[in-house]
Amino acid sequence: MSQMTIAPRLGRAVTARLPRPTDIRIGGSATRTRVVDAAPAVAHTGFRLLCLAIVLAACAAVLLLNTQRAEGSYTLSRLAAEQTTLHDTRVTLEAQLSDLRSSETLADNARKLHMVPSTSTATLRLSDGSITGVASKVDGGTAITVDLPATGVAVDDD
């Protein structure tokens, strides 16, 4: 129905006449035209195989890269778990070490070895080899004198 309303506006249809093959003129003279077969089909097998090889190589490369990426991700997660375990072990060992270094633990271990606190001390200065102070026995005995650093032997005065 809509076509019927448009037709009067367009006017009359124009018919075009196509030239006949015998009507074509080249250089002012009439030439006869003839029908020619289509171009012979050329086998594009080599080109097709090249394209197939490129596509297969690209797919293999993508598969290889994806596999390497997955392996790297697995290794990374395994190393992260190992790092967490080692960190926990380190924290535990540091806590045990600080506990063993505490003065209460050292005093307990000394008592277990039948050691008693010292009332006097003697120290050796390493820079010049001088001895300061006098060490004495804890049970009220005589003092211990330290010989010169050249011999390195402690002598008991008893």
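Start with the whole chain coloured by secondary structure, where three helices and seven strands can be picked out, both taken as DSSP runs numbered from the N terminus, helices being H or I over at least four residues and strands being E over at least two. Followed along the sequence, these elements come in the pattern α-β-β-α-α-β-β-β-β-β. What you are looking at is a predicted model, in which local features need pLDDT of at least 70 and side-chain atom pairs count only at pLDDT 80 or more, whereas totals for chains, interfaces and linings use all residues. Residues are numbered from 1 along each chain as its sequence is written, and side-chain values use heavy atoms, with hydrogens and water left out.

Switch next to a surface view of the chain, which exposes about 14,600 Å², 63% of this area being supplied by carbon and sulfur atoms; accessible areas come from the Shrake-Rupley method with a 1.4 Å probe, and for residues only the protein chains shown count as cover. Of the 158 residues in the chain, 1% are buried, where buried means under 20% relative accessible area, exposed means over 50%, and partly exposed lies in between (1.4 Å probe, protein chains only). If contacts are taken as heavy atoms within 4.5 Å, then among those in the chain between residues at least 6 apart in sequence, 0% join residues at least 24 apart.

Now select helix 2, which covers residues 45-101, and go to leucine 50, which has its place in this helix. Together with Phe47 and Ile54, Leu50 makes a nonpolar surface patch of about 330 Å²; patches are made of residues with over 30% relative accessible area and no salt bridge, like charges being joined within 9 Å and nonpolar side chains (Val, Leu, Ile, Met, Phe, Trp, Tyr) within 5 Å.

Further along helix 2, select threonine 84, which is partly exposed at 45% relative accessibility. A polar atom of the threonine 84 side chain lies 2.9 Å from the backbone oxygen of alanine 80.

Staying in helix 2, show the side chains of arginine 90 and glutamate 94, which meet in a salt bridge with an N to O distance of 3.1 Å. A salt bridge here is a side-chain nitrogen of Lys or Arg within 4 Å of a carboxyl oxygen of Asp or Glu, and the count by this rule comes to three. Side chains of opposite charge can pair when their charged atoms come close. Arginine 90 and glutamate 94 are four residues apart, about one turn of the helix; glutamate 94 is partly exposed, with a relative accessible area of 43%, while arginine 90 counts as exposed at 55%.

Move on to helix 3, residues 103-112, and select threonine 105, which lies in this helix. Is threonine 105 buried or exposed? Threonine 105 is buried, its relative accessible area being 17%, and its contacts, leaving aside residues up to four places away in sequence, are with Asp99 and Leu100.

In helix 3, arginine 111 and aspartate 108 form another salt bridge, with their closest N and O atoms 2.8 Å apart. These two residues are separated by about one helical turn because they stand three residues apart in the helix. Arginine 111 is exposed, with a relative accessible area of 53%, whereas aspartate 108 is partly exposed at 39%.

End the tour at arginine 125, which forms a salt bridge with aspartate 128, the closest N and O atoms being 3.4 Å apart. Arginine 125 is itself partly exposed, with a relative accessible area of 43%.

Key:
A polar contact is a pair of N or O atoms within 3.5 Å; within protein, one must be able to donate a hydrogen and the other to accept it, and residues adjacent in sequence count only if both atoms are side-chain atoms.
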